[in-house]
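User: Please take a close look at one buried charged side chain in this model and at what surrounds it. I would like a connected account that follows the contacts outward from there.

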Amino acid sequence: MQALPGYKTTFKIIKEGSGNAITKGSNATVHATGVIVETQKKFWSTKDPGQKPFTYQAGVGGVITGWDQGCLGMKVGEVRELVIPALEGYGAGGFPAWGIPPNGTLNFTLECLNVQ
């Protein structure tokens, strides 16, 4: 895992991508699967039946910090793993609706599908 400069989140590139990269303010569409590290329980996947890829505006705080910063620089086709500590995830409160406990560490596998 590589350190994300200035943050506690770490990342690993699983598959290199090419083409447009996610930059601050761009609209990124990704496949995402999230697992709680402490329990190894999957809490969300855009690949599950009835789900669809997730689109968000990158680098502007619309998603949790670890994701927001950890996806910057991803290129279309890239698959990246992020390990996000609680302070850059859902914090002391967790996210009960998704079963994320207080101070839960998150592991996301993300695939960049499109950047505009």
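Analyst:
**Arg80 and its surroundings**

Arg80 is buried, with a relative accessible area of 5%. The model is predicted, and what follows was computed from its atoms. Arg80 sits in strand β6, which covers residues 79-84.

Two polar partners can be named for the Arg80 side chain. One is the side chain of Glu78, in a polar contact at 2.8 Å. The other is the backbone oxygen of Leu72, which lies 3.5 Å from a polar atom of the Arg80 side chain.

Beyond its neighbours within four places in sequence, Arg80 is in contact with several stretches of the chain. Phe11, Lys12, Ile13 and Ile14 are among these contacts. Gly70, Cys71, Leu72, Gly73 and Met74 are also included, as are Phe108, Thr109 and Leu110.

Lys12 leads to the next residue of β6. Glu81 forms a salt bridge with Lys12, with the closest N and O atoms 3.6 Å apart. Because Glu81 lies in strand β6 and Lys12 in strand β2 (residues 10-15), this pair ties together parts that are 69 residues apart in sequence. Glu81 is buried at a relative accessible area of 15%, whereas Lys12 is partly exposed at 38%.

Leu110 leads from Arg80 into the nonpolar core. Leaving out residues up to four places away in sequence, Leu110 touches Arg80, Glu78, Val79 and Leu82, among others. Its contacts also include Val30, His31 and Ala32, along with Trp67, Cys71 and Met74. The largest nonpolar core has 24 residues, and those touching the most other members are Ile22, Tyr56, Trp67, Cys71, Phe108 and Leu110. The elements giving two or more residues to this core are β3 (27-36), β4, β6 and β7. Strand β7 supplies the largest share, five residues. Of the residues just named for the core, Cys71, Phe108 and Leu110 are also contacts of Arg80.

Phe108 belongs to an aromatic cluster as well. That cluster is formed by Phe43, Trp44, Phe54, Tyr56, Trp67, Tyr90, Phe95, Trp98 and Phe108. Across the whole structure, a search finds eleven aromatic pairs. One of them joins Phe54 and Tyr56 in a stacked arrangement, 5.8 Å centre to centre with 15° between the planes. Tyr56 is buried at 6% relative accessibility, while Phe54 is partly exposed at 27%.

The salt bridges extend the picture to other parts of the chain. The structure holds four of them, including the Glu81 and Lys12 pair already described. Another joins Lys47 to Glu111, the closest N and O atoms being 3.7 Å apart. Lys47 lies in the loop between β4 (41-45) and β5 (54-57) and Glu111 in strand β7 (residues 106-115), so this pair ties together parts 64 residues apart in sequence. Lys47 is exposed, with a relative accessible area of 55%, and Glu111 is partly exposed at 22%. The side chains of Asp48 and Lys42 also meet in a salt bridge, at 2.9 Å from N to O. In that pair, Asp48 is partly exposed at 26%, and Lys42 is partly exposed at 41%.

To return to the starting point, Arg80 is a buried residue whose side chain makes a polar contact with Glu78. Its contact with Lys12 leads to the bridge partner of Glu81, and its contact with Leu110 leads to the nonpolar core.

Technical notes: Residues numbered from 1 in each chain as written. Predicted model: local features only at pLDDT ≥ 70, side-chain atom pairs only at ≥ 80, totals over all residues. Heavy atoms only, no water. Phe/Tyr/Trp six-rings, centres within 6.5 Å; stacked < 30°, edge-to-face > 60°. Buried < 20%, exposed > 50% of the residue type's maximum accessible area, 1.4 Å probe, protein only. Helix = DSSP H or I, 4+ residues; strand = E, 2+ residues; numbered from the N terminus. Polar contact = N/O pair within 3.5 Å; in protein donor to acceptor, adjacent residues only side chain to side chain. Contact = heavy atoms within 4.5 Å. Salt bridge = Lys/Arg side-chain N within 4 Å of Asp/Glu carboxyl O. Core = buried A, V, L, I, M, F, W, Y, C linked by side-chain atoms within 4.5 Å.
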